[in-house]
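Please load the model in your viewer and keep the side chains displayed as sticks. The stops below follow charged pairs and then cysteines, with a selection to make at each one.

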Amino acid sequence: MAVTGDDTAATGDMPTYQIRAPTTGLPQGVVMAASPGSLHSPQQLAEEATRKRELRLMKNREAAKECRRRKKEYVKCLESRVAVLEVQNKKLIEELETLKDICSPKTD
DNA sequence: CTTTGTACGCGTCAGATTTT
DNA sequence: AAAATCTGACGCGTACAAAG
């Protein structure tokens, strides 16, 4: 598969798929921590840390899904653009050949 | 039927980028 | 500057087709 570093950099065109969504709501019902000031025991602190980590993982999980979805869409866009350009290119080549024929000096 | 190769999606981490 | 968000890379599991 050979995955080596940057991709988009080569072409220099802005990856449209990385435009940010206006608002990122939490996936499922996520309750914020009860005011951090009210935590004391190492036990509670550990639980809080675990909760924070789980929340972060959960958010990142969703973010990754969304990121992949956008990228897939972006790739589809590029592919259809390629298809269009290929057709266009073919037509231009044909036209060029026709014009060449018309303009070529006759040998009689 | 089993093995092998390939494609795909997922969760996670680390680092870059953007927002506050 | 800190927090939040995004994304490339990696490893893992699953599905499926082709080969043996």
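## A tour of charged side chains

Begin by selecting R69, which at 43% relative accessibility counts as partly exposed. Bear in mind throughout that this is a predicted model, in which side-chain atom pairs count only at pLDDT 80 or more.

With R69 still selected, add E73 and display the distance between their charged groups: the two side chains meet in a salt bridge, at 3.1 Å from N to O. R69 and E73 lie four residues apart in helix α1, which means that about one helical turn separates them. E73, like its partner, counts as partly exposed, because its relative accessibility is 42% and the partly exposed class runs between 20% and 50%. Salt bridges that share partners join E66, R69, R70 and E73 into one network, so it is worth keeping these four residues selected together for the next stop.

Turn next to R70 and E66, which form a salt bridge whose closest N and O atoms are 3.5 Å apart. These two residues are also four apart in helix α1, and about one helical turn therefore separates R70 from E66. E66 has a relative accessibility of 30% and so counts as partly exposed.

Now select E48 and R51, where another salt bridge is found, the closest N and O atoms being 3.5 Å apart. Here the spacing is three residues within helix α1, which covers residues 42–103, so that E48 and R51 are separated by about one helical turn. Which of the two classes, buried or exposed, does E48 come under? E48 counts as buried, because its relative accessibility of 12% falls under the 20% cut-off. R51, in contrast to a buried residue, counts as partly exposed at 36% relative accessibility.

To place these pairs in context, how many salt bridges does a search of the whole structure find? The search finds six, among them the E48 and R51 pair, the R70 and E66 pair and the R69 and E73 pair. As a general point, side chains of opposite charge can pair when their charged atoms come close.

For the last stop, select the cysteines C77 and C103. C77 is partly exposed, with a relative accessible area of 49%, whereas C103 is exposed, with a relative accessible area of 62%. A disulfide requires a pair of cysteine sulfur atoms within 2.5 Å, and by this rule the count comes to zero disulfides.

Definitions and conventions
Residues numbered from 1 in each chain as written. Chains lettered and ligands numbered in written order. Predicted model: local features only at pLDDT ≥ 70, side-chain atom pairs only at ≥ 80, totals over all residues. Heavy atoms only, no water. Buried < 20%, exposed > 50% of the residue type's maximum accessible area, 1.4 Å probe, protein only.
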